[in-house]
Amino acid sequence: MANMELMESLAFPPNPCIIGAMISPYPFKPRGRLLDVMRQVGDPNLINLAAGLPSNQCIPKADLREAFAATLEENADEALGYHVPDGDVRLRELLVNRFRHRGINTSADQMVITTGCSQGLHGMIRLIAKSGDVVACEAPAYYSTLEIMGDLGVNVLPIPVRDSEGIDFELTQTLFRRFKPKLFVLCSTLSNPSGATVPNEIRKALVELCRETGTRILEDEIYGELSEISDLKPIRAYDDGSTVSYVTSFSKTVAPGLRVGVCLPGLNANAFALQKCQQDMHSATLCEVAFRRYFETGRFDSHLDFLRRLNRERRELGLRIIKECFPASVKVWEPAGGFLLWVELPPDVQVKQVYKSALAQKVAFCHGAAFFTSEEQQVSAMRLNCSRPSEDQLVKGLKILGQIMQRA
Ligand SMILES: Cc1ncc(COP(=O)(O)O)c(C=O)c1O
């Protein structure tokens, strides 16, 4: 689908199930398609503020070159053959150790290496929820999660993200006690797109609430290690896997092209591994072994320090240009890490029109509507990537957006 057509399709039918704060579950059709957004990434002439990718500068290329060369030199048989569906055992053991330092108790046999975080998300949602089940998520939420849920035919229970600390816990409590969702999919840290990070005390309280209502939490923590809050623990750290399933990947911290992700399915470990094995036998052995070798160098932590610094600098640059060039009434959510900015626009700015004009000037951003399941909850907004473009491109792209909005 062409980009213009994609944006045309983002108009929602009115949804009678949400009246003011009275939220109740409803079926929906996903509007943003990952396929279209990913195809846009390939356009070299675009100042791409839309993609959710880290900058090429953020990828430890020299270290990965070394790791792949050493793998092919010293581990070729292992790295070029089949291996167990759950993934490289030594890699899993290393990750168990890393998770332990972040408060998660698990073991290699409770862990499955996945093809990106996407496979974990897709597999776990489909294992836990069936068509017609009530599934809660944040509003706004990652469009690919919404796409999986919508295609599955669940009834969505959208929980509004209130501020940079995420969902309103009291409202969540009321809605969960009333509707007892089967599953709650939550991007707990630096949520995509809002950038919200749920504080530790709410994480703990959420686990208790979900035990009470029989709701499984699927924690997507893909941006977790980019957080600039030092004592933050994953939600899974407050549970033993009986209430929380956990998915993440190294797409935002090492390289998305490696496609190395991790799933801690919890109760459904065997069913998840079986489903994955049917899909792709196992993830790419070569990437797993080379990634393990990279991990063994111990350079990941200093790389994370570099990423946090670079992301902060880029966010600060983006915020400064937005302040100078966008209408004064825009509201920017300031995340505690990462490279995405969520910008809420005044109601008189027609975001669809801004999108069309920007694309005509070769600037792309992510239209806020893609992250919502109904028009009633939707706010007029855009998601901007501050790290993927060069500094010059970022400044130029934001200035073009500012001019378009000031003229509108
Ligand atoms: C919240 C969230 N979850 C999952 C993914 C998918 O990640 P991966 O590339 O590891 O499949 C993304 C990618 O942008 C994301 O933002």
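Start by selecting helix H12 together with strands E13, E14 and E17: the helix lies across these three strands and runs at about 20 degrees to E14. The model on screen is a predicted one.

Keep the strands and add E16. The four strands form an open sheet in the order E13-E14-E17-E16, with antiparallel pairing. Strand E13 (331–333) and strand E16 (366–367) are at the edges, and each has a single partner strand, so one side of each is left without a neighbour in the sheet.

Now restrict the view to E14 and E17. Strand E17 covers residues 381–385, and its antiparallel pairing with E14 runs over five bridges. To find your place in this pair, show Trp-342, which stands opposite Arg-383 in E17.

Next, colour by domain. The domain assignment gives domain 1 as 3–59 + 302–407 and domain 2 as 61–299. Their C-alpha centres are 24 Å apart. In the contact, 38 residues come from domain 1 and 37 residues from domain 2.

Which elements should be selected on the side of domain 1 that touches domain 2? Strand E3 (26–27), helix H12 (300–325) and strand E14 (340–344) each supply at least two residues there. H12, the helix from the opening view, gives the most to this side, with seven residues. Colouring this side of domain 1 by residue class should give 22 nonpolar, 10 polar and six charged residues.

From E3, move to strand E7 (residues 155–163). The two strands run antiparallel and are joined by two bridges. Select Tyr-26 and you will find Val-156 of E7 opposite.

Stay on E7 and add strand E6 (residues 134–139). Is this pairing parallel or antiparallel? E6 and E7 pair in the parallel sense, over six bridges. Within this pair, Glu-138 has Ile-159 of E7 as its bridge partner. To trace the connection, select helix H7 (residues 143–152): the chain passes from E6 through H7 to E7, making a right-handed β-α-β crossover.

The last stop is strand E8 (residues 166–167), which pairs with E7 in the antiparallel sense over two bridges. Show Asp-163 and Gly-166 here, since Gly-166 in E8 is the bridge partner of Asp-163. Between the strands, a hairpin joins E7 to E8 through two residues.

With E7 still selected, the strands to display beside it include E3, joined by two bridges, E6, paired in the parallel sense, and E8, paired in the antiparallel sense.

Definitions and conventions. Residues are numbered from 1 along each chain as its sequence is written. This is a predicted model: local features need pLDDT of at least 70, side-chain atom pairs count only at pLDDT 80 or more; totals for chains, interfaces and linings use all residues. Domain bounds come from an automatic or database domain assignment. Two residues are in contact if their C-beta atoms, placed from the backbone, lie within 7 Å. Ala, Val, Leu, Ile, Met, Phe, Trp, Tyr, Cys and Pro count as nonpolar, Asp, Glu, Lys and Arg as charged, and the others, Gly among them, as polar. Two strands pair if DSSP finds at least two bridges between them. Axes are lines fitted to C-alpha atoms, for helices over the stretch in contact, and angles run from 0 to 180 degrees between N-to-C directions. A crossover is right-handed if, with the strands pointing away from the viewer, the path from the first strand over the helix to the second runs clockwise.
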